[in-house]
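Me: I'm new to this structure and would love a close look at one part of it. Could you take me through the pocket and then the parts around it?

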Amino acid sequence: MNVIANTIDEFFESSLNKEDLIRLDKTITSLTTGLDRKLHISPTFTVLGYGSMIYSRKTVNGIIPIIAFAPQKGSINLYISLHPEGPLIINSYKEKLGKCSYGKTCIKFTKFDKLNKLEFERFIKEIVECARKKNIEFIK
């Protein structure tokens, strides 16, 4: 499900789980001081992102958010683009975050209340700290 929105307000308004998205946004915003919050729009998906970094792989180059989320059919997907050296951050939180499903760089959950809030806050803080340690130059 691709949210069709040109503004952050439209992003929230066009979602069936608006209240959960707003609560998630407020939580992430409070923990990501210094990271820009903006809508990332592409032809295939729209996400609300925090911070931006240069992404460069053999076949794809561009600017992507460090942390982002989007409503999907039946879930909210949280995407993490930055990881410390070693194991993926997501792997260290799989047993702690609550009722979620996990991919390499994505966490899916149906309701914000299903997350363990304390562990979720630790998770987001760890990502932000990782960005600062790596001296990621946040693109504005």
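Reply: In this predicted model, 22 residues line the largest pocket, and those nearest its centre are Tyr-55, Ile-64, Pro-65, Ile-80 and Ser-81. The volume of the largest pocket is about 590 Å³. If you sort the lining residues by kind, you get 13 nonpolar, 8 polar and 1 charged. Strands contribute to this lining: E1 (37-41), E2, E3 and E4 each provide at least two residues. E3 gives the most, with 6 residues.

Let's place those strands in their sheet. It is an open sheet of 6 strands, paired antiparallel, and its order is E1-E2-E3-E4-E6-E5. E1 and E5 are the edge strands, each pairing on one side only. If you follow a strand with your eye, it helps to know that side chains in a regular strand alternate between the two faces of the sheet.

Now walk along the sheet from E3. E3 and E4 are antiparallel partners, joined over 6 bridges. To find one of these contacts, look for Ala-70, whose bridge partner in E4 is Asn-77. Next, E4 (residues 75-80) pairs with E6 (residues 106-109), again in the antiparallel sense, over 4 bridges. Here Tyr-79 has Cys-106 in E6 as its bridge partner. Finally, E5 (residues 101-102) runs antiparallel to E6 and is joined to E6 by 2 bridges. Ser-101 is the residue to look for, standing opposite Lys-108 in E6. E5 and E6 make a hairpin, with 3 residues between them.

The strands E2 and E3, which help line the pocket, also bring us to the aromatic rings. There are 6 aromatic pairs in the structure. A pair of this kind is described by the distance of the ring centres and the angle of the planes. Take Phe-11 and Phe-12: their ring centres are 5.8 Å apart and their planes stand at 65°, so this pair is edge-to-face. Phe-11 and Phe-12 are both buried. Tyr-50 and Phe-69 give another pair, with centres 6.3 Å apart and planes at 25°, so these rings count as stacked. That pair links distant parts of the chain, since Tyr-50 sits in strand E2 (residues 46-56) and Phe-69 in strand E3 (residues 61-72), 19 residues apart. Tyr-50 has a relative accessible area of 0%, so Tyr-50 is buried. Phe-69 also counts as buried, because its relative accessibility is 0%. Together, Phe-11, Phe-12, Tyr-50 and Phe-69 form one aromatic cluster.

Rings can also have a lysine over them, and you can look for two such places here. Lys-96 lies over the face of Tyr-93, at 5.1 Å from the ring centre. Lys-117 lies over the face of Phe-112, at 4.7 Å from the ring centre.

For a last stop, look at helix H4 (residues 117-133), which includes Lys-133. Is Lys-133 buried or exposed? With a relative accessible area of 64%, Lys-133 is exposed, because the cut-off for that word is over 50%. Its C-alpha atom is separated by 20 Å from that of Gly-49, and the two residues are 84 residues apart along the chain.

Technical notes. Residues numbered from 1 in each chain as written. Predicted model: local features only at pLDDT ≥ 70, side-chain atom pairs only at ≥ 80, totals over all residues. Heavy atoms only, no water. Pairing = 2+ DSSP bridges. Phe/Tyr/Trp six-rings, centres within 6.5 Å; stacked < 30°, edge-to-face > 60°. Buried < 20%, exposed > 50% of the residue type's maximum accessible area, 1.4 Å probe, protein only. Lys NZ or Arg CZ within 6 Å of the ring centre and 35° of its normal. 1 Å grid on protein atoms, 1.4 Å probe; cavity = no way out; pocket = protein on both sides within 12 Å on 5 of 7 lines; lining within 4 Å. Points joined across faces, edges and corners; volume = space filled by probe spheres on them. Nonpolar A, V, L, I, M, F, W, Y, C, P; charged D, E, K, R; others polar.
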